[in-house]
Amino acid sequence: MKNSIYILIFFNLNFSFAQETAKVSGFVTGEGRKIQAASVHLLGTNQKTISDSLGYYAFENVALGNYTMQISQMGFQTLKKKIEVKKDSTQTFDFEMTDNQNQLNEVVVSGTLKAVKRLESAVPVEVYSPVFFKKNPTASIYEALQNINGVRPQLNCGVCNTGDIHINGLEGPYTLVLIDGMPIVSSLSTVYGLSGIPNSLVERIEIVKGPASSLYGSEAVGGLINIITKNPTNAPVFSADYFTTSYFESNLDLGMKFNVGKKAVSLLGINYFNYDQVIDKDKDNFTDVTLSERISVFNKWSFQRNNNRLFTIAARGMYEDRWGGDVRWEKKYRGGDEIYGESIYTKRGELIGSYQLPFEEKLMLSFSGNVHYQDSRYGTTSYIANQKIGFLQLTWDKKIGRNDFLAGIANRYSYYDDNTTATKQAESTWLPGIFVQDEITLSSKSQVLLGMRYDYNSIHGSIYTPRVAYRWKKNENTIFRLNAGTGFRVVNLFTEDHAALTGSRDVIIKNDLKPEQSVNANLNYIQKINFTGGTFIGIETTAFYTRFSNKIISDYATNPNEIIYDNINGYAISQGISTNVDVNFPTGLKMILGATFLDNKNVENGISKRPYLTENFTATWSISYKIESLNLLLDYTGNVYSPMELPLLSELDPRSPKSPWFSIQNIQFTYFGWKNFEVYGGIKNLLNFTPKQNNPFLISRTNDPFDKNVQYDSAGKVLATPDNPYGLTFDTTYVYGQNQTIRGFLGLRYTLR
């Protein structure tokens with residue numbers, strides 16, 4: 001009897017206790033998809049969890065009462081909501097997160113070769129999500145960068161329309177392009193490597209403005225662009241994005257996810273671009289825009305391993321056939337002197353991967369390799385080039401007290417050969433290196449980063465690149481960063497300067513070109529302002545200074561028939577100030593506004609001169625307004641550039657020596673009222689700007705592209721004749737902007753989660 005009473009009492013107590021707790025569960029979603037690995041925390045308790053692959057989370061035995069639930073995840077605004085846990089066995093609380101791509105905070109970045117919160121990084125990094133680039137849909141990442149402050153896609157050839165990326169006024173070879181942190185797009189492929197990366201596979205793009213050679217080595221002198229691809233586990237099951245323009249350009253992006261067994265997920269992306277219309281609106285008998293057919297296939301695998309260790313591997317193959325020139329050109333004229341055309345065949349393969357070694361210490365082995373083959377004809381000039389690059393890196397990440405260490409060893413092998421007279425034999429280069437950095441937490445408000453890299457170039461010898469960074473967090477809304485360091489760049493001229501291969505100018509290399517070196521500093525300031533009612537303003541301002549020695553300059557002015565390359569006999573300066581302002585209103589209005597003031601100059605023999613194709617001022621904007629009641633999104637994007645110095649051929653050249661102020665503006669309407677579908681359309685180049693405006697022509701002597709009727713005096717100077725009144729030769733280097741007029745576009749997106 002006594003035992004029965006005890007059992008009854010225990011049962012009643014247990015029943016009462018059960019009534020005092022409940023299970024809390026639900027789903028975390030954002031931007032129409034389930035959010036995996038979101039951190040869910042009941043504030044004021046030790047109960048924390050993360051959402052699974054379906055966005056589901058659960059807490060067992062939550063005591064009854066009122067709580068604040070906090071949900072955070074990379075790329076989304078941290079969400080806090082009050083909940084009340086009542087006497088129910090299970091209670092459901094679902095949370096919808098908001099993408100924070102317009103804001104300065106809450107984004108995890110890898111600008112220091114390790115994932116950190118953006119505002120906790122000592123190195124300033126700008127992050128842009130696919131949502132940003134959808135505001136002005138483009139066929140390549142190269143074009144998509146036109147609306148980022150301080151970043152300008154620069155066309156280098158008026159016929160074949162190849163180009164590079166300028167950061168803070170520095171030419172494309174100063175910018176290192178990475179895919180998933182691996183130096184995959186460089187040297188020869190800077191001209192074409194940013195084309196054909198399937199936009200459907202891009203998770204975000206990180207941009208570091210300023211030298212980063214202490215971590216990434218050569219080519220990261222002016223900055224770096226890191227294209228982060230999607231984790232296959234988090235990617236949609238299927239996505240498709242197709243758009244066309246009134247120029248009859250067609251672009252298709254496809255993405256597909258496959259589960260392979262229980263421990264592997266594969267993500268396949270395909271990009272196809274086609275433009276085959278011969279258009280000559282400026283009436284010079286040359287194509288306004290290069291005709292192109294391009295296909296790119298990207299496949300990424302993610303493998304599940306014990307202890308959540310990382311193992312991903314990806315490969316990409318790309319083929320492109322492009323040509324521009326005389327509107328009568330056909331492939332039978334390729335390489336001949338009958339009808340002028342520039343025809344380029346490109347084949348490219350890439351392999352990248354990361355494997356976390358099975359040790360208690362965090363050791364990451366990363367690797368990449370690419371092969372690039374190019375068969376080009378610029379009129380009668382043949383340029384056939386072959387490049388192979390292999391890269392292997394091992395990093396060790398360790399926290400000890402207030403010190404957060406990162407150390408690594410790397411080796412890079414580069415092979416390059418072409419058929420030009422400047423390349424007498426194939427060049428093979430080894431570049432082993434070792435680097436170390438230590439982020440030291442001095443207090444809750446300040447940290448300092450010390451870094452050093454040593455590389456040994458098999459041709460140029462030892463290269464040291466130290467850096468230091470300091471971050472001071474005055475409060476949650478005010479942050480200062482100071483960075484300083486050095487950079488270097490080993491030059492391969494013909495893989496980088498496309499102007500050296502086109503037109504009729506002879507290439508003159510005065511001396512053996514020495515590696516470029518730089519010393520730099522920048523001061524970064526972030527201010528966040530939160531207003532009552534939900535309005536948010538973020539302001540980020542950076543003042544930067546870089547001084548170059550041994551900078552290689554291209555001289556178009558001394559002789560109009562030559563491009564003369566040499567290391568500068570003096571120094572070069574790149575300095576300025578850049579500001580970004582993000583504004584979010586609770587009404588659905590969002591704005592990203594940016595402006596950069598530049599002062600770039602080459603100083604030789606006490607004479608200062610601004611380089612060609614370098615603006616003093618640039619501004620960008622992206623204004624979005626969402627009308628929820630109509631399921632409609634309006635995006636207005638644009639940029640504006642100040643005048644740039646342009647290369648002329650003679651004193652009689654009638655073209656303007658400077659570009660005008662010009663602006664490219666776009667508007668887009670997106671309807672998202674259908675499940676899984678988005679329909680979008682709009683107008684590009686609203687102001688109908690083209691470089692031909694206020695100029696009699698862009699490409700000189702398109703009527704005589706092989707200079708058969710050009711006459712010279714005894715000194716080699718072009719004579720002005722009745723057939724050639726301005727004393728010009730055929731030349732394609734006078735180009736500073738895209739040559740497409742106003743045009744409409746229409747597209748359709750489908751996403752299956």
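## Working through a predicted model

Let's start with a hairpin: Phe248 takes a positive phi near 65° in the hairpin of E19 and E20, which has four residues between the strands. Keep in mind that this is a predicted model.

### Exercise 1: the strands around Phe248

Work out how many bridges join strand E19 to strand E20, and which residue in E20 is the bridge partner of Thr244.

Step 1. Find the two strands: E19 covers residues 238–245 and E20 covers residues 250–260. They run antiparallel, and seven bridges join them.

Step 2. Now look up Thr244: its bridge partner in E20 is Ser250.

### Exercise 2: on to the next hairpin

Find the residue with a positive phi in the hairpin of E20 and E21, and describe how these strands pair.

Step 1. E21 spans residues 264–275, and E20 pairs with it in the antiparallel sense over eleven bridges.

Step 2. Pick out one of those pairings: Met256 has Leu268 in E21 as its bridge partner.

Step 3. Three residues sit between the strands here, and Gly261 takes a positive phi near 70°.

### Exercise 3: two cysteines

Explain why the sulfur of Cys160 makes no bond to the closest cysteine sulfur, in Cys157.

Step 1. Take the distance: the two sulfurs, of Cys160 and Cys157, are 3.1 Å apart.

Step 2. Compare that with the cut-off: a disulfide needs the sulfur atoms within 2.5 Å. At 3.1 Å the sulfurs are too far apart for a bond, and the structure holds zero disulfides.

Step 3. Check the surroundings: Cys157 counts as buried because its relative accessibility is 0%. Cys160 is also at 0%, so Cys160 counts as buried too.

### Exercise 4: the largest nonpolar core

Say how many residues the largest nonpolar core has, and what Phe133 is in contact with.

Step 1. This core has 31 residues, and Phe133, Leu145 and Ile148 are among those with the most contacts inside it.

Step 2. See where the residues come from: elements that each supply at least two include helix H2 (130–133), helix H3 (141–144) and strand E17 (202–209).

Step 3. Leaving aside neighbours within four places in sequence, Phe133 is in contact with Tyr128, Ala144, Leu145, Ile148 and Ile205.

### Exercise 5: an open sheet

Give the order of the four strands in the open sheet and name its edge strands.

Step 1. The order is E4-E3-E6-E7, with antiparallel pairing.

Step 2. E4 (48–50) and E7 (79–85) each pair on one side only, which makes them the edge strands.

Step 3. Zoom in on one edge: three bridges join E3 (residues 39–42) to E4, and Ser39 has Ile50 as its bridge partner in E4.

Key
Residues are numbered from 1 along each chain as its sequence is written. This is a predicted model: local features need pLDDT of at least 70, side-chain atom pairs count only at pLDDT 80 or more; totals for chains, interfaces and linings use all residues. Side-chain values use heavy atoms; hydrogens and water are left out. Buried means under 20% relative accessible area, exposed over 50%, partly exposed in between (1.4 Å probe, protein chains only). Two strands pair if DSSP finds at least two bridges between them. A nonpolar core is a set of buried Ala, Val, Leu, Ile, Met, Phe, Trp, Tyr and Cys residues joined through side-chain atoms within 4.5 Å. Contact means heavy atoms within 4.5 Å.
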